[in-house]
Amino acid sequence: MEFLQSVKNIASSIGNFPVEVYHAFIAPFRVYKFLKSMLREGFYEISTDFEYEGKPYQFRTLIQPDADIINYIPDISQNNQKQWLDTFKKQYGKHLQNIDFFMQRATESHLALSRIIDTGIIAANVYPIWRFIENYNLETAGVSGILLALSAAFRKFLKPYVVRISLKGVFRIARIYFRKRIS
């Protein structure tokens, strides 16, 4: 039973690989859009617009660089009708889905940085392995083996810290920019 589940997980991973690659490639553009909005506006906005009885309403969530999150919701007491409350709940659910979508994309940006580092590790190992295949000797075996071991150690122990520090560094740069802009 566990074997079948393992096979299903592997098949699912293989099936999702093109989607993950796509998300990894577009994630830097999302990060750029996010940071551009942060630098220009001072916040990133997630909004959900809707109408009720011809009047426009909007749910807004503002994410600020210091991790403050501000929510603006329409005044629920404007109408006492059940239909207004049903519309309000439905649109609020949509807004929560939009926030969840943003959070998933933020996680993908974290994953994209991790994938970029993995790509660099693979690229760093291609040439020594290729030399080992061409010149099957002790020297090339040692070099490629050492590089593979160092790459595996880096990926296992240091990569999570590098990703975390890199993302913190981006936000630290944004904070410095905001301080200079305010002064």
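**Entry 1: a term to fix**

I take buried to mean under 20% relative accessible area, exposed to mean over 50%, and partly exposed to mean in between. Glu45 has 31% relative accessibility, so I list Glu45 as partly exposed.

**Entry 2: what kind of model**

I note that this is a predicted model. The mean pLDDT of the protein is 76, and 71% of its residues reach 70 or more. I looked up where confidence is lowest and found helix H1, at a mean of 68. Strand E2, residues 55-63, has the highest, at 88. I keep in mind that predicted coordinates should not be read in detail where pLDDT is low.

**Entry 3: layout**

I count 3 helices and 3 strands. Starting at the N terminus, I read the order of elements as α-β-β-β-α-α. The protein has 183 residues, and 25% of them count as buried. Its exposed area is about 13,500 Å², and carbon and sulfur atoms supply 63% of that area. I also checked contacts between residues at least 6 apart in sequence: 50% of these join residues at least 24 apart.

**Entry 4: nonpolar cores**

Which residues make up the largest nonpolar core? I find 8 of them: Phe34, Leu35, Met38, Tyr44, Ile46, Ile63, Ile99 and Phe102. Helix H1 (2-41), strand E1 (44-52) and H2 each supply at least two residues of this core. The largest share, 3 residues, comes from H1. I also find a second, separate core of 6 residues, including Phe50, Tyr52, Phe59 and Trp84.

**Entry 5: Gln91**

I looked up Gln91 and found it in helix H2, which covers residues 82-134. Is Gln91 buried or exposed? I get 9% relative accessibility for Gln91, which is under 20%, so Gln91 counts as buried. Leaving out residues up to four places away in sequence, Gln91 touches Thr48, Asp49, Phe50 and Phe59. Phe50 and Phe59 are already in my notes as members of the second core.

**Entry 6: salt bridges**

How many salt bridges does the structure hold? I count 2. In general, side chains of opposite charge can pair when their charged atoms come close.

One pair is Arg60 with Glu45, where the closest N and O atoms are 2.8 Å apart. This pair links distant parts of the chain, with Arg60 in strand E2 and Glu45 in strand E1, 15 residues apart. Arg60, at 24% relative accessibility, counts as partly exposed.

I also find Asp86 paired with Lys82, with the closest N and O atoms 3.2 Å apart. Both residues lie in helix H2, 4 residues apart, about one turn of the helix. Asp86 counts as partly exposed at 38% relative accessibility, whereas Lys82 counts as exposed at 62%.

**Entry 7: Glu53**

I checked the backbone at Glu53 and found a positive phi of about 50°, although Glu53 is not a glycine. Most residues other than glycine have a negative phi. Glu53 sits in the loop between E1 and E2. Its relative accessible area is 57%, which is over 50%, so I list Glu53 as exposed.

**Entry 8: a surface patch**

Which residues form a nonpolar patch on the surface? I find Phe157, Leu158, Tyr161, Val162 and Ile165, with about 520 Å² of accessible area together. I looked further at Ile165, which is found in helix H3, residues 138-182. Ile165 has a relative accessible area of 59%, so I list Ile165 as exposed.

Key
Residues numbered from 1 in each chain as written. Predicted model: local features only at pLDDT ≥ 70, side-chain atom pairs only at ≥ 80, totals over all residues. Heavy atoms only, no water. Patch = residues over 30% accessible without salt bridge, like charges linked within 9 Å, V, L, I, M, F, W, Y side chains within 5 Å. Areas by Shrake-Rupley, 256 points an atom, 1.4 Å probe, with all protein chains shown as cover. Salt bridge = Lys/Arg side-chain N within 4 Å of Asp/Glu carboxyl O. Buried < 20%, exposed > 50% of the residue type's maximum accessible area, 1.4 Å probe, protein only. Contact = heavy atoms within 4.5 Å. Core = buried A, V, L, I, M, F, W, Y, C linked by side-chain atoms within 4.5 Å. pLDDT = per-residue confidence, 0-100.
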